[in-house]
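Visitor: Could you walk me through this one and show me where the labels come from? I'd like the cut-offs too, please.

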Amino acid sequence: MEWPPVTEPPNAGPVLTGPETTGELSNAVLCSGLTYRFGSYTAVDRVDLRIERGETFGLLGPNGAGKTTTIRMLTTLLRPMAGSISVLGVSAAERPMLVRRMIGYVPQLLSADATLTGRENVELFARLFDVPRSQRRDRVEASLAAMGLTEPAGRLVKTYSGGMIRRLELAQALVNAPSLLVLDEPTVGLDPIARTDVWEYIAALRVQNDMTVLMTTHYMDEADTYCDRIALMHAGSIRATGSPGVLKASLGAGATLDDVFRHYTGGTLDDNTESGGIRDVRRARRTARRLG
Amino acid sequence: MTSAAPGAPPAALADPAALPPADTAAAVVRRLASRIVTLCWVELRKMRHDRTELYTRAIQPALWLLIYGEVFTKIRAIPTPGGIPYLAYLAPGILAQSALFIAIFYGIQIIWERDAGVLTKLMVTPTPRAALITGKAFAAGVRSVVQATAVVILSAILGVALTGNPLKLVAAACVVALGSAFFSCLSMTIAGLALSRDRLMGIGQAITMPLFFSSSALYPEQIMPGWLQAISRCNPLSYQVDALRGLLIGTPAHLGLDLIVLAVATVAGVAASAALLPRLAR
């Protein structure tokens, strides 16, 4: 399937400069010294991060490690207390609107609007990203079709399953053909079949769209299978960065990603006793209530 | 996998030297206007999908008119300008009150959307905060006008002599919408300060009744004690009621002043709640 051609409205996005691969332009994301505090608690502590164009990058860590706070700064929701962020060469502090144009964001919660139909949810995002009226219908339908949602698109989202909502959110994020897709815990709360399903969709989209993917997860197996490179985050800082293979090999033959994580952080990923545990339960309840 | 993924245009890659220039003022205004239209569209779609709320909310104002209104008309306890029946004097007040009660709910709704992740996701799109607020204020206005229509019809059935002038009726609808837009912004501003639904429910209940009783919705300002008159003059609800009475039942009103107060209050409300919106995303 082909997207209809995109004609960008004025000021719609950065100027295309062709396939440059050198210097700063090969970076999809470049962060340095990123810091955020909640009161006296330092959630993100001087994080440096470089994500290359076209790669799938995983930010791994237990609940409370600072992954979501980092993502929120990257997506311009939070203003860093120190440090800088550039997304595809654009400073997030100076040009937040321009950065938002290039990002597709799927938050941790199932956040499609349950009081609208699937199609309306996607159309809303097409409008918010200034997809020209003449192309809007085609793009909305193409996004829904790509996520296998053509048939239920006319139904209210409150009738959808968790896996369908996640796919719908991907359709929302993709209708703008973003350069950077940001996924915060994309498979939390999904059953194993839906999880695999969502990953297959993401992998296929990424290959065909030359898209950079940044995702957070605390599922080691997912990171191992789907990420080109990962960063291990613990207590607000990044402890190690590299491809899953290299990180495992550095500990010797037979090491798993869990071993790698334990080696660099002294803890396990499944450690849910931190403050995040209760928050997750609350969120799951909220989602359940909302979706009736 | 059931279908192939769409092939998108090549990923935009920014050359820092070739970034588009910063948005001009005209571009900013155009974007604001376009986003407001979009967010109003989405609110209308939501209302179309769930209309039960529109009906059930008409019950409370009906009770005010049928029970409180009928009883106080009979005992003639409240002096009215020109000696018009109290029910006629009361009807525009109940109209404004019912709109207020709808609007005050919007702060809770925006916190609810924050908790559901909907608001956060909208804030990562290139959409000015003021457009998100204006969309909600518009929705509050539309809902209030729908409900006001029910109250006007009920008043007419109860024998209140309302204007038949379509221009005045349209003007009254605008006043209702503008008042609700302001009160929804007030509520969303408080939401930006309170940040949690439980706190906001408490604050919402603590301010709606005082707003109502310190306005001229139920009784003329002249019979209020001095201190209450002073409060009433700072209360936008009094200006809304004044305008509605003037338009619907023809009592002497200060239409120009009323509209200016409501318009200025609404713009200030949009600005204040838009400035506080990022606090909700934290």
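Guide: Sure, starting with pairing: two strands pair if DSSP finds at least two bridges between them. Helices and strands are themselves DSSP runs, numbered from the N terminus, with at least four residues of H or I for a helix and at least two of E for a strand. This is a predicted model, where local features need pLDDT of at least 70, side-chain atom pairs count only at pLDDT 80 or more, and totals for chains, interfaces and linings use all residues. Residues are numbered from 1 along each chain as its sequence is written, while chains are lettered from A and ligands numbered from 1 in the order in which they are written.

Visitor: How do you know that strand E3 and strand E8 of chain A pair?

Guide: Five bridges link E3 (residues 56-60) of chain A to E8 (residues 212-217) of chain A, in the parallel sense. That count satisfies the two-bridge rule, so they pair. Phe57(A) sits opposite Leu214(A) in E8(A), and Leu60(A) faces Thr217(A) in E8(A).

Visitor: What makes strand E7 of chain A a partner of E8(A)?

Guide: Again five bridges: E7 (residues 180-184) of chain A and E8(A) run parallel. Asp184(A) has Thr216(A) in E8(A) as its bridge partner. As a general point, strands of a sheet pair through backbone hydrogen bonds, either parallel or antiparallel.

Visitor: Why are strands E6 and E10 of chain A said to stand at the edges?

Guide: Look at the order of the open, six-stranded sheet in chain A, which is E6-E7-E8-E3-E9-E10 with mixed pairing. E6 (103-106) and E10 (237-242) of chain A each have a single partner strand, so one side of each has no neighbour in the sheet. Ignoring direction, neighbouring strands of this sheet are turned by 15 degrees against each other on average. Helix H9 (residues 257-265) of chain A packs on the sheet, touching E9 (229-234) and E10 of chain A, and its direction makes about 45 degrees with that of E9(A).

Visitor: What makes E8(A) mostly covered?

Guide: A residue is buried if 20 or more other C-beta atoms, placed from the backbone, lie within 10 Å of its own; 12 or fewer means exposed, and in between is partly exposed. In E8(A), six of its six residues are buried. That covers both faces: Thr212(A), Leu214(A) and Thr216(A) on one side, Val213(A), Met215(A) and Thr217(A) on the other. Across chain A, 50% of the 292 residues are buried.

Visitor: And why is Arg239(A) called partly exposed?

Guide: Arg239(A) has 18 other C-beta atoms within 10 Å, a count between the two limits, so partly exposed is the label. Arg239(A) lies in strand E10 of chain A. Apart from its neighbours within four places in sequence, Arg239(A) is in contact (C-beta atoms, placed from the backbone, within 7 Å) with Leu232(A), His234(A), Tyr264(A) and Thr265(A).

Visitor: How do you know that helices H3(A) and H5(A) are roughly parallel?

Guide: Helix H3 (residues 118-128) and helix H5 (residues 162-174) of chain A pack at about 25 degrees, with their axes 8 Å apart. Angles under 35 degrees count as roughly parallel, over 145 as roughly antiparallel, 65 to 115 as roughly perpendicular and the rest as oblique; H3(A) is therefore roughly parallel to H5(A). Those angles run from 0 to 180 degrees between N-to-C directions, and the axes are lines fitted to C-alpha atoms, for helices over the stretch in contact.

Visitor: So what makes H3(B) and H4(B) roughly antiparallel?

Guide: Helix H3 (residues 59-75) and helix H4 (residues 86-115) of chain B pack at about 155 degrees, with their axes 10 Å apart. The angle is over the 145 limit, so the two helices are roughly antiparallel. Among the residues making the contact are Trp64(B) and Phe72(B) of H3(B), plus Leu90(B) and Phe101(B) of H4(B). By class that contact has ten nonpolar, five polar and one charged residues. Here nonpolar is Ala, Val, Leu, Ile, Met, Phe, Trp, Tyr, Cys and Pro, charged is Asp, Glu, Lys and Arg, and the others, Gly among them, are polar.

Visitor: How many helices and strands does chain B have?

Guide: Eleven helices and zero strands, whereas chain A has ten helices and ten strands. Of the 282 residues of chain B, 44% count as buried. The C-alpha trace of chain B spans about 75 × 45 × 40 Å along its principal axes.

Terms used:
Contact = placed C-beta atoms within 7 Å.
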